[in-house]
Amino acid sequence: MITLYKQASNGKLLYAEYWIEEDQIVEHIGEVGTVGTTTRMDFPASFSDEDEFKVDFLNRYSDQGYKQASEDDGYMLIIQYPMKSLTGSKRDLWLKDKASEALTSELGWKGLGIVDGHDMGQTANPVTQYALNIYCFVMDETLGIQAVKRVLRETRLDYTKIKIASGDLKIDGDYILKYSAKNNQELYV
């Protein structure tokens, strides 16, 4: 999968991406935060292989001002769930998989970003505390947080227990707590 972004003259961030699925090329374009439009064509069609299509895709969208995000673009979100033990329960492991799956779909289909991994274990809190952290790279912090909150609430994936923190990749600073389902305003990773 290749995803490109472009800042439009009206200030909106646009995306264009493609992937290959079941002998078809899927192109997905739109405004970040929206589902956008999808077109499919048989693969390889008029292209000899994926590399040839990739070159064509990059040329078409680069000419329109799209480019790949750099490592410094965007934000890293941490979605944190509390756990009761170091290794987590069966429920924690299920939650990790189901939340990651729901977030992957929501962020991907809206051009917002990707799930970039997870960890489970003891936090840096001086008081023994355990957590499941799911990391999401997003291009728009506000839209990313809104999407995370919405999809976890709608899929009933322990939304009432989460904390969401954000780190701006341009400044490589600390994570800042942006949302807590409970009144606890402390975040330890």
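Colleague: Which side chain does a polar contact of 2.8 Å join to that of T3?
Modeller: In this predicted model, T3 belongs to strand β1. Beyond its neighbours within four places in sequence, T3 is in contact with A16, E17 and Q68. The side chain that the 2.8 Å polar contact joins to that of T3 belongs to E17.

Colleague: Is T3 buried or exposed?
Modeller: A residue counts as buried when its relative accessible area is under 20%. The relative accessible area of T3 is 18%, so T3 is buried.

Colleague: What is the order of the strands in the open sheet of four strands?
Modeller: The pairing in this sheet is antiparallel. β1 and β4 are the edge strands, each with a single partner, so one side of each has no neighbour in the sheet. Neighbouring strands are turned against each other by 15° on average, direction ignored. The order is β1-β2-β3-β4.

Colleague: Over how many bridges do β3 and β4 pair?
Modeller: One position in this pairing is I29, which stands opposite T37 in β4. β3 and β4 run in the antiparallel sense, and the number of bridges is six.

Colleague: Where does D23 lie, and is D23 buried or exposed?
Modeller: D23 has a positive phi, near 60°, in a residue other than glycine. Its place is the loop between β2 and β3. Exposed means over 50% relative accessible area. With 59%, D23 is exposed.

Colleague: Why do the buried residues of α1 line one face of the helix?
Modeller: An α-helix has 3.6 residues a turn, so residues three or four places apart point the same way. In α1, the buried residues are F53, F57 and Y61. Seen down the axis of α1, they line one face because they fall within an arc of 55°.

Colleague: Which strands are among what covers the buried residues of α1?
Modeller: Helix α1 spans residues 50-62 and reaches 18 Å from its first C-alpha to its last, close to the 18 Å expected. It lies across β1, β2, β3 and β4, running at about 170° to β2. The cover of its buried residues includes β1 (2-7), β2 (13-21), β3 (24-31) and β4 (37-42).

Colleague: Which residue caps the N-terminal end of α1?
Modeller: The cap is made by a side-chain oxygen lying 3.3 Å from the backbone nitrogen of D51. That oxygen belongs to D49.

Colleague: What is the order of the five strands in the other open sheet?
Modeller: This sheet also has antiparallel pairing. Its edge strands are β6 (113-122) and β9, each pairing on one side only. The twist averages 25° from one strand to the next. The order is β6-β7-β5-β8-β9.

Colleague: Which residue of β7 is the bridge partner of I79?
Modeller: β5 and β7 pair over nine bridges in the antiparallel sense. In β7, the partner of I79 is I134.

Colleague: What angle does the direction of α3 make with that of β5?
Modeller: Helix α3 (residues 141-154) has 14 residues and reaches 20 Å from its first C-alpha to its last, close to the 20 Å expected. It packs on the sheet and touches β5, β7, β8 and β9. Its direction makes an angle with that of β5 of about 30°.

Colleague: Why are the buried residues of α3 on the same side of the helix?
Modeller: The buried residues in α3 are E141, G144, I145, A147, V148, V151 and L152. What covers them includes α2 (90-109) along with β5 (75-83), β7 (130-138), β8 (163-168) and β9 (176-180). They are on the same side of α3 because around its axis they cover an arc of only 160°.

Colleague: Which residue caps the N-terminal end of α3?
Modeller: A side-chain oxygen of the capping residue lies 3.2 Å from the backbone nitrogen of T142. The capping residue is D140.

Colleague: Which residue just after α3 takes a positive phi?
Modeller: The residue lies in the loop between α3 and β8. Its phi is near 55°, and it is a residue other than glycine. Its relative accessible area is 71%, so it is exposed. The residue is R156.

How values were computed
Residues numbered from 1 in each chain as written. Predicted model: local features only at pLDDT ≥ 70, side-chain atom pairs only at ≥ 80, totals over all residues. Heavy atoms only, no water. Helix = DSSP H or I, 4+ residues; strand = E, 2+ residues; numbered from the N terminus. Expected span 1.5 Å × (residues − 1). Buried < 20%, exposed > 50% of the residue type's maximum accessible area, 1.4 Å probe, protein only. Arc of directions from axis to C-beta. Contact = heavy atoms within 4.5 Å. Polar contact = N/O pair within 3.5 Å; in protein donor to acceptor, adjacent residues only side chain to side chain. Pairing = 2+ DSSP bridges. Axes fitted to C-alpha atoms, helices over the stretch in contact; angles between N-to-C directions.
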